[in-house]
Every structure is written in structure tokens, then in C-alpha cells.
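Welcome, and please open your viewer. We will go through this model one selection at a time, and each stop says what to pick and what is there.

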Amino acid sequence: MRGRDCVAKVSVTLKVFPEDPSALDALKAEVSKVVQIVESKEEDIGFGVKALSIRFLMEESAGVDAIEEKIASIKGVSQVQVTSVDRVEL
């Protein structure tokens, strides 16, 4: 541990599956209203299915479940999967 002023956060990566694969840009805009996106990319899953992979930072003490539920409730989202949660120190 580096000291008291070290703030621990977690880097969370989610895979967001849209109901309509052509609406990824609009979906990204809606997700950015819930979290501050650090990185995003489109992923081809197969058979015309695409997903939006997004990474964001959040407080270590906060739970990922609440954010996952908020994103899953966005109109046009079919499914949300947490793909990684990594602790980072700033």
C-alpha cells in the first residue's frame, strides 16, 4: 500500500448486447449517461450478432451490480455481462 492518499478504484469491463446490432452508436451514447466510458469497442460475436465492450472506472466500495442493472434497463439492451473487474490504484 502506498499510503493514505492512495485511492483504490476498480476497472470494470462490460459486454453489452443490443437488441439491434445496427444501433451500437446510440447504445454507447445511452451507456455514457450511466458511466464515464474510458474505452469502448465493437465486437463481432458471430452470425451477425455484435456487442459493445465498454470499460469504466468506479469506486472500489461501490457495487457493480447496481450499474449492471441500470445498463440492462436501457431501452435496446438485450443483455449485459461483466467480463472483468480489476483493482487499480490512482
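Start by selecting Ser11 and Leu57: Leu57, in β3, is the bridge partner of Ser11. Now add Asp86, since Ser11 also has a bridge partner in β4, and that partner is Asp86. Helices and strands here are DSSP runs numbered from the N terminus, with helices (H or I) of at least four residues and strands (E) of at least two.

Before moving on, a word on what you are looking at. This is a predicted model, in which local features need pLDDT of at least 70 and side-chain atom pairs count only at pLDDT 80 or more, while totals for chains, interfaces and linings use all residues. Residues are numbered from 1 along each chain as its sequence is written, and side-chain values use heavy atoms, leaving out hydrogens and water.

**Zoom out: the whole chain**

Show everything as a cartoon. You should find 2 helices and 4 strands, running β-α-β-β-α-β from the N terminus. The C-alpha atoms fill a box of roughly 50 × 20 × 20 Å along the principal axes. Of the 90 residues, 30% count as buried; buried means under 20% relative accessible area, exposed over 50%, and partly exposed in between, using a 1.4 Å probe and protein chains only. Among contacts (heavy atoms within 4.5 Å) with a separation of 6 or more, 70% join residues 24 or more positions apart.

**Select the sheet**

In what order do the strands of the open sheet lie? The order is β2-β3-β1-β4, with antiparallel pairing; two strands pair if DSSP finds at least two bridges between them. At the edges, pairing on one side only, are β2 (37-46) and β4 (77-89). Neighbouring strands are turned by 20° against each other on average, direction ignored. Such angles run from 0 to 180 degrees between N-to-C directions, with axes fitted as lines to C-alpha atoms, for helices over the stretch in contact.

**Select β1, residues 8-18**

Strand β1 is joined to β4 by 11 bridges, and the two run antiparallel. One pair to pick out is Val10 with its bridge partner Arg87 in β4. Towards β3, the antiparallel pairing of β1 spans 8 bridges. Colour β1 by accessibility: 10 of its 11 residues are buried, so the strand is largely enclosed by the rest of the structure.

Now click Thr13, which sits in this strand. Thr13 is buried, with a relative accessible area of 13%. Leaving out residues up to four places away in sequence, Thr13 touches Ser53, Ile54, Arg55, Gln81, Val82, Thr83 and Ser84.

Next, click Leu14. Beyond its neighbours within four places in sequence, Leu14 has contacts that include Leu52, Phe56, Ile71 and Val80.

**Select α1, residues 24-31**

Helix α1 packs on the sheet, where it touches β1, β2, β3 (49-59) and β4, and its direction makes about 15° with that of β3. Show the side chains of Leu24, Leu27 and Val31, which are buried. They cover an arc of only 60° around the axis, which puts them on the same side of α1; the arc is that of the directions from the helix axis to the C-beta atoms. These buried residues pack against β1, β2, β3, α2 and β4.

**Select α2, residues 64-72**

Helix α2 also packs on the sheet, touching β1, β3 and β4, with its direction at about 150° to that of β4. Which residues of α2 are buried? They are Val64, Ile67 and Ile71. Seen down the axis, the buried residues of α2 fall within an arc of 65°, so they line one face of the helix. Their cover includes β1, α1, β3 and β4. Rotate to the face turned away from the buried side and you meet the exposed residues Asp65, Glu69 and Lys70.

**Select the core**

The largest nonpolar core has 18 residues, and those touching the most other members are Val12, Leu14, Val16, Ile54, Phe56, Met58 and Ile71. Elements giving two or more residues to this core are β1, α1, β3, α2 and β4. A nonpolar core is a set of buried Ala, Val, Leu, Ile, Met, Phe, Trp, Tyr and Cys residues joined through side-chain atoms within 4.5 Å.

**Last stop: Phe47**

Find Phe47 in the loop between β2 and β3. Phe47 is not a glycine, yet its phi is positive, at about 55°. Most residues other than glycine have a negative phi. Is Phe47 buried or exposed? With 91% relative accessibility, Phe47 counts as exposed.
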